[in-house]
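Let's take a walk through this assembly together. Have a look at the chains first, and then follow along piece by piece.

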Amino acid sequence: MGWEISSVARRFLLPVLELLAVLFLVSLGVFLLLSLVPGDPAVAVLGEGRTPAEYDALREQLGLNDPLMTRYADWLGGVLNGDLGTSLVPPQTAVLDRIASALPVSLELAVLGLVMALAMALPLAMWSAYHQGGRADRAIGAVTFALLSMPSFLIGLILIAVLVNSLGIFPRNEWVRPGDGLAGNLSHAFLPALTIALMEAAMFTRILRNDLVTTLHEDFILAARARGMSPLRVMVSDALRPSSFSLVTVLGLSIGRLVGSTVIVEYLFALPGMGKLVIDAANQGNYPVVQGAVLVIAVIYVGSNALIDRSYGLLDPRTRRARA
Amino acid sequence: MSTPLLEVVDLRTVFHTTRGDVRAVDGVSFSLMAGETLGLVGESGSGKSVLGRSVMGLITNGATTTVSGQVLLEGTDVHALKPSARRKLWGPAVAMVFQDPMTSLNPVKRVGTHLTETLRRHLRCSRSEATERAVDLLRQVGIPEPARRLAQYPHELSGGMRQRVVIATALACDPRLLIADEPTTALDVTVQKQILDLLGSLVAERNMAMLLVSHDLGAVAGRTDRVQVMYAGRTVESGETRPVFAAPEHPYTEALLASIPQLSHPPHTVLRAIEGNPPDMARPPAGCRFAPRCGRVGEDCTDVLPMLSVVLGPSQREGRREVACHHPVLTDPVLTEELGHGR
Amino acid sequence: MLAPEPVIVRRRDTRAVLLVTGLLLLAAGSALAVWASGTTVLVTLVRMLVLVAGILAAIAGLGRLARAARGKPVDVVFWLAMAWLVLILGAAALAPWLPLGNHDDSVAGLTAPIFAPPGGLGADHPLGTNNYGLDVLARAVFGARTSILVALLAVLIGTVVGGLVGMVSGFVRGTTDRVVGVLSNALLAVPPLILLIALGTVLDPSIRSIAFALSLLTIPSMVRLARANTITVAQREYVLAARALGANRMRLLLREVLPNVVLPVLSLAVVMISVLVVAEASLSFLGIGIEQPTPTWGNMIAEGQGGVMEENPFIVVVPGICLFLTVFSFNLLGERAQKRWDPRSAKL
């Protein structure tokens, strides 16, 4: 009995505790960091030229006169009750509402970008690995390496210069919510998502191609060929799955990069997502919004990485029994 | 004499590497009748596995490989076929059992999938028919509870069981020729005999021809009709199994046999390992490939490459025997017939 | 690999053939590239494609020439990249002493033409001026100075701190190790750019504080790498034996562990430089990093927004190419270093 409990604790409780510790540290870090914002929040809200009494009253109202730890406890209590505070800068709405309207935009971009990246990377990687050392392989290798050296804002600017300004294919600088017409939404989301996707696609292609090359030298690939399976079938049905472990690991890291490029793309294309929310708030010293947004992003990020850690079992039956 | 099921004529497989051209198979010929079992014997690195794969067409002409000569499987040249046509042969006409069952089954695929996908690819049968046949195949190779095994993954089975699965997949489409590439090397000694017996009985039941590639003379001895001894990509001796092993003509065959421990030997008999290593196949010696390691080496051996020739001697009563040696063990060669192949 | 391919007959190109085709390719490629960069006949997309094709042809030509000279294939791209690194690092280091135009004095810029097009070598403004009349070439060079200085400083801090913490944590294990693990996980729990933006809210936009903020990005991965390598070394038998005999731990750490950790960590550091150059550029592009008029490649590229890029492409193209080439070169160098000194991490 005792052994079972301790093994269960090791397997499930410890990771969960560590996850909670990480999130606690993140919230503490975010709070402390932004409490050090230079300048007086009261001035930021009311503007200059009010009486000291007015500033003081607001400070009292915002709880800025309390000790730091009290303020953190209040804030964390609010967060746990779903209250992330109120924006300092007009419109003084709840931070949660701001995030609720910005998050779907970013999520759509990120998911669309990820899907597009995978849609590009899978066939390219398979083609590249199939013709290992050949012309196509080397060309794909060179292009993806060059893409990895290109910051996403540069890719975005090039795409805008070519596709929007020169060819006039895509609209720019607007956002249509999916509710107002899916076609319009997609045509506006396409270019930003492509910007996000290109760099990730380059990364995925390289990782998957290298693992595929290793897998293709395995005996079971030769055995599958010897059963008369077509090259495409061998690639998709035999080689792909055992080759995707590194890809999945990288997927976790890439979500972090994805958030970054989403921020840049939203700024570049003036889209009302989390990135724009955070950057505007950062420029205005609107710290409750920054705190709330960073916390939400961190929770999503940590959560998706934890999910990815759990997904190895789906890919490899050998690890299943160990985890079950 | 009817036409052979498989006829290999002067097969050469050359790999173009950065070190130069590696002649892994260097002019090998043999033929195989339906129902016949041929043993292909040699040290590791003697080119037997490459030969097996070249016969099947798994190794064929490519950017880094040149295969020349002919492999006639039921009259069609395997290497002259289009890739798609060649793939149609793999399963129904010829199938392969690989060396290591730990690596030759896909770790992320269920046992059943290995079988059913092969069946459905070649026999175009429905899912349920394929499953039914798969259960039947697993039963034939002696796997208990076959229906349950179908849903298991390879790592859940023991090595011997896995090799039985590999054999079942190879047999799925009733091939006329089975190429078994070191089928027991990776297995425990106790399991080796079971697998060999299984292969033997399956071959007999189905009147299949089998090419048994092995470095294990013991495995080949009792279970093959004929044997062909390979050294450095070339055939050095071939003939009916029993007489070849009873009275080897080629010094290399003799040395191989002498390196096996035998129960009849008194205790503490020193085994005679063959000194030295097989030659670098990118730069083979000019004369006989075995000359640098041979105890009977003469002057001509280092200059002139011996051809495979029919030997007449005391052992000649027991079927046709061919040896490529200037100084055979039992008899001085009475060369009656210089064979056209094997330069 | 799976499908049979036609036999490739390897033609042994003679030196003369290589020389001639190499020269032709180089000349034709460069001519094409120069023409494409100057012409106004073609649409942007086509121009870009022609430009890239010209450059690739020129590089292929150079490759043939090098092969003819050396007698064996030469990795021209790698050497070109290294040449670029030497050039840009040299220019960045010597920037104040180079005869460059006005890079940050916007008052003096009032008298200069604004958006002057690139004049080429020998002109007052070889690469043109921006909307404050500041010289783009001078800004690109001083931008390199800022961008690379920030990245190097950050990598230095990150490598030293991360490497040491990782080594100690991997050597001592136990509670220290666990605490370090949770702390670095907490740092990794915030996506890099978001962390930078949050830091940017607080810190003043000086080189020192941006370098500090960027170094926070490198620390967790440095800790992980150093820790993993330390654990491998510490489990080797001679180290275990020395520990069992009561050897001085500090001495063991310095004599046995450090030499085995340095090379992988340094390889990662090279890769990190390019990551940080990109991060700094992104931050400055977003207007949170280093502020105008101090030039960095990021804020120079940001100048192209709002219709400027369409009229005066060189405003974006000059810093964009500098940024790309620098990141590309550091990536190439880092990849080579990792392949040689840290094969486990060399995944890309």
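What follows goes through the chains one at a time and then turns to where they meet.

Bear in mind throughout that this is a predicted model. A good place to start is chain B, which mixes ten helices with twelve strands. Its C-alpha atoms fill a box of roughly 65 × 50 × 45 Å along the principal axes. How does the radius of gyration of chain B sit with that of a compact globule? For 343 residues, a compact globule would come out near 20 Å, and chain B has 21 Å, so the two agree. Buried residues account for 45% of the 343 residues in chain B. If you take the contacts in chain B between residues at least 6 apart in sequence, 63% of them join residues at least 24 apart.

Now for the sheets of chain B. One is an open sheet of four strands in the order 2-1-4-5, with antiparallel pairing. Its edges are strand 2 and strand 5 (76-77) of chain B, each of which pairs on one side only. Start inside this sheet with strand 1 (residues 6-17) of chain B, which is joined to strand 2 (residues 20-32) of chain B by ten bridges, the two running antiparallel. The link between strand 1 and strand 2 of chain B is a hairpin through two residues. If you want a spot to zoom in on, find Leu11(B), whose bridge partner in strand 2 of chain B is Val28(B).

Strand 1 of chain B also pairs with strand 4 (residues 65-73) of chain B, again in the antiparallel sense, over eight bridges. Here the pair to look for is Thr13(B), which stands opposite Val67(B) in strand 4 of chain B. And which strands does helix 1 of chain B lie across? Helix 1 (residues 48-56) of chain B lies across strand 1, strand 2 and strand 4 of chain B, and runs at about 65 degrees to strand 2 of chain B.

Another open sheet in chain B has eight strands, in the order 6-7-8-3-9-10-12-11, and its pairing is mixed. The edge positions go to strand 6 and strand 11 (309-310) of chain B, each pairing on one side only. Towards the strand 11 end of that order, strand 10 (residues 234-240) of chain B and strand 12 (residues 322-323) of chain B run antiparallel and are joined by two bridges. Ser238(B) is the residue that stands opposite Glu322(B) in strand 12 of chain B.

Chain C is another story. It has 13 helices and zero strands, so to speak an α run from the N terminus on. Buried residues make up 45% of the 348 residues in chain C. Among the contacts in chain C between residues at least 6 apart in sequence, 70% join residues at least 24 apart. Chain C is divided into domain 1 (12-74) and domain 2 (136-341), and the C-alpha centres of these two domains of chain C lie 35 Å apart.

Chain A also comes with a domain assignment, giving domain 1 (2-80) and domain 2 (96-319). The contact between them takes 13 residues from domain 1 of chain A and ten residues from domain 2 of chain A. On the domain 1 side, the elements that give two or more residues are helix 1 (2-35) and helix 2 (41-46) of chain A. Helix 1 of chain A has the largest share there, eight residues. By class, that side of domain 1 of chain A divides into eleven nonpolar, two polar and no charged residues.

Finally, the places where chains touch. How many residues of chain A are in contact with chain C? There are 52 residues of chain A in contact with 41 residues of chain C. Several helices of chain A give two or more residues to this side, including helix 8 (182-216), helix 11 (245-269) and helix 13 (287-310). Helix 1 of chain A gives the most, with nine residues. The side of chain A that touches chain C has 38 nonpolar, eleven polar and three charged residues.

Chain B meets chain A as well, with 22 residues of chain B in contact with 19 residues of chain A. Helix 2 (83-89), strand 6 (94-97) and helix 3 (111-123) of chain B are the elements that give two or more residues to that side of chain B. Helix 3 of chain B has the largest share, three residues. In this case the residues of chain B divide into ten nonpolar, eight polar and four charged.

Methods
Residues are numbered from 1 along each chain as its sequence is written. Chains are lettered from A and ligands numbered from 1 in the order in which they are written. This is a predicted model: local features need pLDDT of at least 70, side-chain atom pairs count only at pLDDT 80 or more; totals for chains, interfaces and linings use all residues. Two residues are in contact if their C-beta atoms, placed from the backbone, lie within 7 Å. Ala, Val, Leu, Ile, Met, Phe, Trp, Tyr, Cys and Pro count as nonpolar, Asp, Glu, Lys and Arg as charged, and the others, Gly among them, as polar. A residue is buried if 20 or more other C-beta atoms lie within 10 Å of its own, exposed if 12 or fewer, and partly exposed in between; C-beta atoms are placed from the backbone. Domain bounds come from an automatic or database domain assignment. Two strands pair if DSSP finds at least two bridges between them. The radius of gyration is taken over C-alpha atoms; the globule rule is 2.2 Å times the number of residues to the power 0.38. Axes are lines fitted to C-alpha atoms, for helices over the stretch in contact, and angles run from 0 to 180 degrees between N-to-C directions.
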